[in-house]
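Open the model in your viewer and keep the selection tool at hand. The tour goes helix by helix, with a short stop at each.

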Amino acid sequence: MTLGEQVSKVFKGREEFDLTDGSIGKPLFYLSVPIVVTNLLQTAYNLADTLWLGRYSTEALAAISFAFPMVFLLFSLGMGITVAGSVLVAQHVGADEEAEARYAASQTVSFAVVASLILGGLGYFVVGDFLALLGASPAVLPGATAYMRIISSGLVFMFGFFVFTALMRGYGDTITPMLVMLLTVVVNIVIDPFLIFGWWVFPELGVAGAAYATIFSRALAFAVGLAIMLRGNRGVQILPRDMVPDLSYARRIVRIGVPASVEMTGRSLSVNLMLVIVGMFPTTVVAGYGIGVRVFSVIFLPAIAVARGVETMTGQNIGADKPDRAATAAGIAAKTMFVILAAMGVVTILAARPIAAVFTDDPAVVTVSADFLRWVAPTFGFIGVMRAYTGSFRGAGKTMTAAAISVIMLGVIRLPVALGLARPDILGLPIPAFDSTGIWMAFAVSNAAGAVIAYLWYRRGTWRDADPRGATPAGDDEDADADATLAPTDD
């Protein structure tokens with residue numbers, strides 16, 4: 001068997017499986033595996049920055065520890081648009097409404113570009129004050145600010161690729177985004193050290209160099225993704241005539257997307273607010289926290305990918321009026337991810353110090369990072385359970401429910417527990433202070449609680465009768481004039 005044949009057995013295109021009929025495990029696997037690879041490549045951007053900047057200086061590493069959460073915040077404020085687009089496309093595809101799926105995709109791209117330009121401009125001007133508010137020290141603030149201003153300037157390129165990935169996933173094609181991501185990650189990894197350290201003819205830019213490398217790579221990814229969607233021969237298609245912003249359709253995107261943005265923004269704000277607590281401790285703790293978060297971003301990739309797969313399967317099966325099949329997919333995903341991530345937790349406990357040492361040669365930072373990893377690793381499996389069920393909620397259009405679970409887990413449980421255990425004097429609690437270890441303990445507690453809440457809420461079954469599609473345009477692609485006269489009606 002050739003290498004190509006072996007690869008094709010793992011990565012199957014949408015034409016080779018049906019998400020709304022037949023077995024469930026195999027389609028979910030084939031849908032999720034490319035997402036795992038895509039997310040791994042996505043994380044490679046951040047890991048490459050962390051690896052190179054960790055060898056540049058501890059201050060540079062701490063700078064991106066502050067900058068990454070703000071990047072996530074900017075994405076989160078607008079990412080609800082991509083979730084809405086993915087859900088709408090998936091449900092229309094499941095209901096065999098191809099014209100409506102194209103319209104949903106076209107409108108999503110338009111509103112996403114507008115949103116990213118607004119958020120990028122806002123981020124550029126407030127980043128300095130925001131990072132200072134989070135507690136960035138004078139040694140860290142200039143680098144973090146420079147990084148974020150560059151990222152904000154190119155946010156439309158970064159956001160554009162996420163839109164492409166989400167829309168293709170809603171259609172059921174997860175292979176094409178994976179291939180595009182592979183190309184651009186290679187570009188980013190190659191040019192990163194040249195711009196950070198000033199190799200060859202390039203100036204030494206430090207933290208700013210990592211930002212420029214990322215923006216260049218993401219711009220390339222967005223250009224390729226846009227070309228693919230305009231051609232429409234690799235999945236969902238966008239049509240220029242359908243990309244004129246339709247405010248009536250925008251209300252539908254907002255209704256689905258705002259709760260999803262709330263969920264992601266809540267996650268981002270919790271990371272940023274956690275930095276306020278972490279910032280009460282020395283720079284080594286901040287750097288160690290940054291490494292731990294980066295490691296988690298890799299370990300949780302299977303759970304995030306399967307959640308996206310469940311989101312698509314739920315969307316298409318809700319569109320096909322098969323909620324029982326969607327529930328079965330979510331259950332299979334939750335059990336599988338619990339086992340896989342629990343096993344990864346065991347490995348992380350045993351190899352905590354070597355893992356941390358990959359990112360830095362500072363012994364103090366390695367010690368902090370290893371402590372963080374060992375506290376959180378036993379609860380990795382619970383993250384898989386929570387992600388599976390919240391992914392199904394989103395696929396059904398119940399983005400508000402997914403948001404509520406996230407807010408409870410992070411805002412009501414994780415942050416108060418972290419502050420109470422790390423600095424009980426601030427809250428006036430008569431308990432001993434666990435210092436930075438208290439923060440790590442809060443992660444473990446909230447992970448377990450989030451899984452229980454998501455499971456019990458899902459069992460209520462309130463998501464089964466969801467249908468966020470409403471009335472959308474329908475027509476024949478061969479009749480452009482007829483399509484152009486159609487407009488979506490209000491819900």
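Is the crossing of helix 12 and helix 15 left-handed or right-handed? This is a predicted model, and in it the two helices make a right-handed crossing.

**Stop 1: helix 12 and helix 15**

Select residues 323-350 for helix 12 and residues 380-395 for helix 15. Their axes come within 6 Å and cross at roughly 155°. Angles over 145 degrees count as roughly antiparallel. Helix 12 and helix 15 are therefore roughly antiparallel to each other.

Now show the side chains where they meet. On helix 12, the residues in contact include A326, A330, M337, F338 and T348. On helix 15, they include F380, I383, V385, Y389 and S392. Sorted by class, this contact has 15 nonpolar and six polar residues, and no charged ones.

**Stop 2: helix 2**

Select residues 25-56, which form helix 2. The helix has 32 residues, and at 1.5 Å a residue they should span 46 Å. Pick the C-alpha atoms at its ends: they are 45 Å apart, which agrees with that figure.

Then select Y45. Helix 2 has a kink of about 30° centred on this residue.

**Stop 3: helix 2 and helix 11**

Keep helix 2 on screen and add helix 11, residues 301-319. The axes of helix 2 and helix 11 come within 8 Å and cross at roughly 135°. The two are therefore oblique to each other. Helix 2 passes helix 11 in a right-handed crossing.

Among the residues of helix 2 in this contact are L28, L31, I35, N39 and T43. They belong to a set that meets residues of helix 11, including L301, P302, R308 and M313. By class, the contact of helix 2 with helix 11 has 12 nonpolar, five polar and one charged residues.

**Stop 4: helix 6 and helix 11**

Leave helix 11 selected, hide helix 2, and bring in helix 6, residues 155-171. Helix 6 and helix 11 pack at an angle of about 50°, with their axes 8 Å apart. They are therefore oblique to each other. The crossing of helix 6 with helix 11 is right-handed.

Which residues make the contact? From helix 6 they are R169, G170 and Y171, and from helix 11 they are R308, E311, T312 and Q316. These divide into one nonpolar, three polar and three charged.

**Stop 5: helix 8**

Finally, select residues 207-231, helix 8. Its 25 residues reach 37 Å from the first C-alpha to the last, close to the 36 Å expected at 1.5 Å a residue. Step on to G232, just after helix 8: this residue takes a positive phi of about 75°.

Methods
Residues numbered from 1 in each chain as written. Predicted model: local features only at pLDDT ≥ 70, side-chain atom pairs only at ≥ 80, totals over all residues. Heavy atoms only, no water. Axes fitted to C-alpha atoms, helices over the stretch in contact; angles between N-to-C directions. Helix = DSSP H or I, 4+ residues; strand = E, 2+ residues; numbered from the N terminus. Parallel < 35°, antiparallel > 145°, perpendicular 65-115°, else oblique. Left-handed = near helix turned anticlockwise from the far one by under 90°. Contact = heavy atoms within 4.5 Å. Nonpolar A, V, L, I, M, F, W, Y, C, P; charged D, E, K, R; others polar. Expected span 1.5 Å × (residues − 1). Bend = angle between axes of the 7 residues up to and from the residue.
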